[in-house]
Each structure stands twice: as C-alpha cells, then as structure tokens.
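Colleague: I have a bench background and would like to go through this model with you. Could you show it to me and explain the reasoning behind the labels?

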Amino acid sequence: MSYRVYDKKKKRFITDNIFLTPDGELIESKRSLFGNKLTFVDGNRFVFQKAIELKDKNDIPIYIGDYLEAMIAEDKIVKGMVTFAEELSAYIILCFDTDEFFTLGTDVCEFIEVVGNVFDDKKGK
C-alpha cells in the first residue's frame with residue numbers, strides 16, 4: 001500500500017522516516033545516540049493519505065484528498081476531489097460545482113490530471 005503523510009505544523013508532505021503500523025498508527029524513526037528510536041506521532045498534527053493505485057496522465061500517483069480534473073466520456077470535463085465511497089466500495093471524484101460524482105477507474109476516465117490537494121488553498125483552479 002502506498003501512502004503519504006502531511007505535516008500540518010510544517011505545512012508540507014513528509015517523505016522520510018515515517019511509517020504506518022499494521023494497526024494503522026503512524027510512527028516516526030529518529031536517529032539517536034544509541035541508534036534509531038521509534039515513536040508514535042501526534043494524530044492531530046499528521047494526516048495520512050492512501051494512494052488509490054491509479055496514476056494521472058503525467059504518471060503521478062493519485063491519493064485520497066487529491067483534486068483532479070478529468071475528462072469523462074463525451075468530452076465532459078469535471079473538477080473534484082478524490083474520496084472513497086463506502087456504499088459503492090469505490091473511489092470517486094466528488095465534483096466541486098455540482099452534486100455529481102464519478103467512479104474512478106482506468107476504463108471510466110479518458111483523461112485524469114492531479115491539479116492540487118486538500119492542503120492547497122485553490123481547488124484545482
């Protein structure tokens with residue numbers, strides 16, 4: 001499973017030394033005089049985002065919380081946020097401007113591009 005972690009305090013994604021336990025908790029590895037020290041991280045400071053195993057047209061992995069622009073059949077372009085719909089057991093694009101949603105999949109979207117994420121001020125504009 002691929003994932004990324006956002007640090008709300010530093011306002012950036014962390015790329016090193018943070019791991020997900022089998023129980024779903026985040027731990028951080030820090031160097032110390034006696035080797036590496038593992039500590040549980042503050043769940044209020046860090047946000048875990050799971051990759052959905054699809055990539056956009058630029059070969060960028062797509063994560064829950066990403067803002068996408070997608071061409072849905074018949075040249076319809078939608079902008080929205082990726083989320084998981086439990087009632088459908090599927091990842092969807094939840095549209096910004098309407099109450100529509102579209103199921104994500106390689107056969108559904110002819111064109112997908114990541115244009116931001118929930119930590120950006122802009123909604124893919």
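Colleague: Where is the place of phenylalanine 96?

Modeller: Phenylalanine 96 sits in the loop between β10 and β11. Please keep in mind that this is a predicted model.

Colleague: What makes phenylalanine 96 partly exposed?

Modeller: Its relative accessibility is 25%. Buried needs a value under 20% and exposed a value over 50%, with partly exposed in between, so phenylalanine 96 at 25% counts as partly exposed.

Colleague: And how far is phenylalanine 96 from lysine 8 in space?

Modeller: From C-alpha to C-alpha, phenylalanine 96 and lysine 8 are 23 Å apart, with their positions 88 residues apart in sequence.

Colleague: How many aromatic pairs does the structure hold?

Modeller: There are 6 aromatic pairs in the structure. In one of them, tyrosine 6 and phenylalanine 13 have ring centres 5.0 Å apart and planes at 70°.

Colleague: Why is the pair of tyrosine 6 and phenylalanine 13 called edge-to-face?

Modeller: Two values settle that. Rings pair if their centres lie within 6.5 Å, and planes over 60 degrees apart count as edge-to-face. With centres 5.0 Å apart and planes at 70°, tyrosine 6 and phenylalanine 13 are therefore an edge-to-face pair.

Colleague: What about tyrosine 67 and phenylalanine 96: why is that pair edge-to-face?

Modeller: The ring centres of tyrosine 67 and phenylalanine 96 are 5.0 Å apart and their planes stand at 90°, so this pair is edge-to-face. Tyrosine 67 belongs to strand β8 (residues 66-72), while phenylalanine 96 is in the loop between β10 (90-95) and β11 (101-103), so the pair ties together parts that are 29 residues apart in sequence.

Colleague: Why does tyrosine 67 count as buried?

Modeller: Tyrosine 67 has 6% relative accessibility, and buried means under 20%, so tyrosine 67 counts as buried.

Colleague: Back to the other pair: is tyrosine 6 buried or exposed?

Modeller: Tyrosine 6 is buried, at a relative accessible area of 9%. Its partner phenylalanine 13 has 25% and is partly exposed.

Colleague: Which residues form one aromatic cluster?

Modeller: Tyr6, Phe13 and Phe119 form one aromatic cluster. Phe119 also brings in a polar partner: its backbone nitrogen lies 2.8 Å from a polar atom of the asparagine 117 side chain.

Colleague: How do you know what counts as a polar contact there, and which distance applies?

Modeller: The cut-off for a pair of N or O atoms is 3.5 Å. The distance between the backbone nitrogen of phenylalanine 119 and the side-chain polar atom of asparagine 117 is 2.8 Å.

Colleague: Where is asparagine 117, and what does it touch?

Modeller: Asparagine 117 is in strand β12 (residues 109-117). Not counting residues up to four places away in sequence, asparagine 117 touches Arg4, Phe13, Gly65, Asp66 and Tyr67. Asparagine 117 has 10% relative accessibility, so it counts as buried.

Colleague: Gly65 is on that list. What makes glycine 65 buried?

Modeller: Glycine 65 has 5% relative accessibility; the limit for buried is under 20%, so glycine 65 counts as buried. Glycine 65 is in the loop between β7 (61-63) and β8. Leaving aside neighbours within four places in sequence, its contacts are Gln49, Met81, Val82, Asn117 and Val118.

Colleague: Which loop residues have a positive phi without being glycine?

Modeller: Lysine 11 has a positive phi of about 55° although it is not a glycine. Lysine 11 lies in the loop between β1 (3-7) and β2 (12-14). Asparagine 17, in the loop between β2 and β3 (18-20), has a positive phi near 65°.

Colleague: Why is lysine 11 called exposed?

Modeller: Exposed means over 50%, and lysine 11 has 65% relative accessibility, so it counts as exposed. Asparagine 17, at 43%, is partly exposed.

Colleague: Finally, how many helices and strands are there in the protein chain?

Modeller: The protein chain has 0 helices and 12 strands. Of its 125 residues, 35% are buried. Among contacts with a separation of 6 or more, 44% join residues 24 or more positions apart.

Technical notes: Residues are numbered from 1 along each chain as its sequence is written. This is a predicted model: local features need pLDDT of at least 70, side-chain atom pairs count only at pLDDT 80 or more; totals for chains, interfaces and linings use all residues. Side-chain values use heavy atoms; hydrogens and water are left out. Rings of Phe, Tyr and Trp (its six-membered ring) pair if their centres lie within 6.5 Å; planes under 30 degrees apart count as stacked, over 60 as edge-to-face and the rest as tilted. Buried means under 20% relative accessible area, exposed over 50%, partly exposed in between (1.4 Å probe, protein chains only). Helices (H or I, at least four residues) and strands (E, at least two) are DSSP runs, numbered from the N terminus. A polar contact is a pair of N or O atoms within 3.5 Å; within protein, one must be able to donate a hydrogen and the other to accept it, and residues adjacent in sequence count only if both atoms are side-chain atoms. Contact means heavy atoms within 4.5 Å.
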